[in-house]
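Subject: Structure handover, aromatic contacts

Hello,

Here is the structure for your files. Please open it alongside this message, as the notes refer to residues by name and number.

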Amino acid sequence: MLDPLVAVGPLRFGMDHDEVKEALDGEWNGGGQGTADGWRWIPYIGNCVIAVYDQDDCLVAVEIDARAGPFVRLDDVELIGRAPSEARAEILGLAARRGDEVATNRSGDPQIAAWGVSMSTAQEWGQLLEGHVGRKDTVITSALFTAPGDADDTAASVIKGYDVRDLVANPGAWPVTPDHERPHWDWNPLEYVGPLRFGMSPHQVAAALGGQLPAGRTGAFPFWFWKESGQWSLHNDHFEHAGVTAHYWYPEGVPELGAVTVHGRTGPQLRYEGIPLVGITPSVLGSAIIQHAEDHDVGLRFSLNGVAVPDGPNLYLDTARMEDSSVSEPTFCAKDYQI
């Protein structure tokens, strides 16, 4: 149960690490990450519960995993592991009955300050028709629960390792551009994606995309994002109009284009051996790639997210949310670049 701004299940805000560990029957992973300003996050119960502590080692936020975390209920509304649209409808109804205001957070999900709740989602995994466990086409709800105060963005940033305020905010809608309305780009593995060639500078990337400015950019100082010491490094430029995100790395000490993510909902279409890669139902795309590999006796590898991809092109296949479901969102990488 959630006691808004006070406790999440057995965890009460203000507890220290030892008290949290005892409340969770000693289920501590032994990991965690500290920050330059004294904040830290620690995983428990196999990463299903992430606790965030402030400079005084007081529990200020708890993130619950969508796939395997404990269920959390407020009154008659279950918050974790739900279809987002169903959870949102019930949250709005409960908030109306309680007289509480519901805002929209950066992921486009409900955020209720009076409850200390910021909703989010994660890709669902489970038993597939083929009999093995794998990635499904749907997304389900997770949540960040916070103590009183403005801890939402700080806690989320501590967990993610970058300032979430740099993300392009989603207004709470997930429109998908039909395939026939998308531009179609060519790509050559390890060399270029449409007009973008690996090794370009950020200025060259912007010029190749018609001179448009990025809608958002993320980067970091060498000792955490809020500790402004050392040289700030650009990591990503998000081009909303073009439907791509440019990822930079520093093989020669200056930012060079190392990878390009094509946005699943709105980006241009690209193909691999005739198979469309962008904006496709993930299970359909996965089956098509595996079938092609079997038919042509070519190699496959499995990326870190457990998805089969062709061996050789340094291609990573992720997903973009589409309300309660998802579509494919590929990232094309230079040689030796790793996600």
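The notes below cover the aromatic rings and one charged side chain. Please keep in mind that this is a predicted model.

The structure contains two aromatic pairs. A pair of aromatic rings is described by the distance of the centres and the angle of the planes.

One pair is formed by Trp187 and Phe332, with ring centres 4.7 Å apart. Their planes meet at 55°, so this pair is tilted; an angle over 60 degrees would count as edge-to-face. Trp187 belongs to strand S14 (residues 187-188) and Phe332 to strand S26 (residues 325-333), so the contact joins distant parts of the chain, with the two positions 145 residues apart in numbering. Trp187 is buried, at a relative accessible area of 13%. Phe332 is also buried, at 2%.

The other pair is Trp249 with Tyr337, whose ring centres are 5.3 Å apart. Here the planes are at 75°, so the pair is edge-to-face. This pair, too, links distant parts of the chain: Trp249 is in strand S19 (residues 244-249), while Tyr337 is in the segment after S26, and they are 88 residues apart. Trp249 has a relative accessible area of 24% and is partly exposed, because buried means under 20%. Tyr337 is buried, with a relative accessible area of 12%.

Separately, there is a charge over a ring: Arg40 lies over the face of Tyr53, at 5.2 Å from the ring centre.

Regards

Terms used:
Residues are numbered from 1 along each chain as its sequence is written. This is a predicted model: local features need pLDDT of at least 70, side-chain atom pairs count only at pLDDT 80 or more; totals for chains, interfaces and linings use all residues. Side-chain values use heavy atoms; hydrogens and water are left out. Rings of Phe, Tyr and Trp (its six-membered ring) pair if their centres lie within 6.5 Å; planes under 30 degrees apart count as stacked, over 60 as edge-to-face and the rest as tilted. Helices (H or I, at least four residues) and strands (E, at least two) are DSSP runs, numbered from the N terminus. Buried means under 20% relative accessible area, exposed over 50%, partly exposed in between (1.4 Å probe, protein chains only). A charge sits over a ring if NZ of Lys or CZ of Arg is within 6 Å of the ring centre and within 35 degrees of the ring normal.
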